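Here is a short report on one protein model. It covers the fold, the sheet, the core and a few loop residues.

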Amino acid sequence: MLYLNRSIEIIILHILMNLLLGIVCVLSYGRIVGETNWQNMKTRHTVIHYNSMNDLKKLNKNIRFPSTTWNAITKYFNSDADMVEEKLVSKVDILFERVQEILGMHNKLDKTKIFVCQNKAQLREIYQKFYKKPCRLRAFYIYEFNAIYINVQDLNEGILSHEMAHSIISNFSMTRPPVPSTEILAQYVNKHLFR
Ligand SMILES: [Zn+2]
């Protein structure tokens, strides 16, 4: 009984901590992503935040699936039909589910945010604001916002799936695994993405 009460206490404490974290995150959120005119588009697993239609087109072009593994899908995506948004939504969700499958982590999550930065400068500015140190990364994931940040000019399906893995692993259980472990698993995803 004592043990049960202790568990309930821990769960309540966890919920309160998350609520507090949520409030702090909402307050600092706008400050991090800046004043740029972000628009957003929802997919089943993510919310894609972007600055322009042109960036969405670039994002769609940069996420590619090899025809050998994804024959039917690639056939559809290679069609000339002018449906960038629909293609992108499908691609992002297929990629997300592929990462979940590789990791064997299928639990329901809050939608992962994907911020599509226009260039390296915008990506680095967000990193600098949050971490208070210079950014040397091509993309990154901030657990506190459950948000992925990518540069549309330097992106491929490997980079995006790696950051998706960080989001899936970090939110799989109530206890967040240590960062080095999530990095090993995220790299495992890269190795097995299309195998
Ligand atoms: Zn990583």
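## Loops, strands and core

N146 is partly exposed, because 19 other C-beta atoms lie within 10 Å and a residue needs 20 or more to count as buried. The model is predicted. N146 sits in the loop between strand 4 and strand 5 (147–151). Its phi is positive, near 45°, and N146 is not a glycine.

K132 also has a positive phi without being a glycine, at about 60°. This residue lies in the loop between helix 5 (120–131) and strand 4 (139–142). K132 is exposed, with 7 other C-beta atoms within 10 Å.

P66 belongs to the loop between helix 2 (53–62) and helix 3 (71–77). P66 counts as exposed because it has 11 C-beta neighbours inside 10 Å, and the cut-off for exposed is 12 or fewer. P66 and F194 are 128 residues apart in sequence, yet their C-alpha atoms are 7.5 Å apart in space.

The three loop residues are set out below.

| Residue | Loop between | C-beta atoms within 10 Å | Class |
|---|---|---|---|
| P66 | helix 2 and helix 3 | 11 | exposed |
| K132 | helix 5 and strand 4 | 7 | exposed |
| N146 | strand 4 and strand 5 | 19 | partly exposed |

Now the overall fold. The protein has seven helices and five strands. From the N terminus, the order is α-β-β-α-α-α-β-α-β-β-α-α. Of its 195 residues, 26% count as buried. Take the contacts between residues at least 6 apart in sequence: 70% of them join residues at least 24 apart.

Next, strand pairing. Strand 1 (residues 39–42) and strand 2 run antiparallel and are joined by four bridges. They form a hairpin, with three residues between them. M41 has I48 of strand 2 as its bridge partner. Strand 2 also pairs with strand 3 (residues 112–117), in the parallel sense and over four bridges. There, I48 stands opposite I114 of strand 3.

Which side chains of strand 2 are buried? Along residues 46–50 the side chains alternate. T46, I48 and Y50 point to one face and are buried. V47 and H49 point to the other face and are not buried.

Last, the core. Nonpolar side chains tend to be buried together in soluble globular proteins. Here the largest nonpolar core has 32 residues. Those with the most contacts inside it are V116, C117, I148, Y149, I150 and M164. Leaving aside residues up to four places away in sequence, C117 touches Q122, L123, I126, Y149, I150, N151 and V152.

Key: Residues numbered from 1 in each chain as written. Predicted model: local features only at pLDDT ≥ 70, side-chain atom pairs only at ≥ 80, totals over all residues. Core = buried A, V, L, I, M, F, W, Y, C linked by C-beta atoms within 7 Å. Contact = placed C-beta atoms within 7 Å. Helix = DSSP H or I, 4+ residues; strand = E, 2+ residues; numbered from the N terminus. Pairing = 2+ DSSP bridges.
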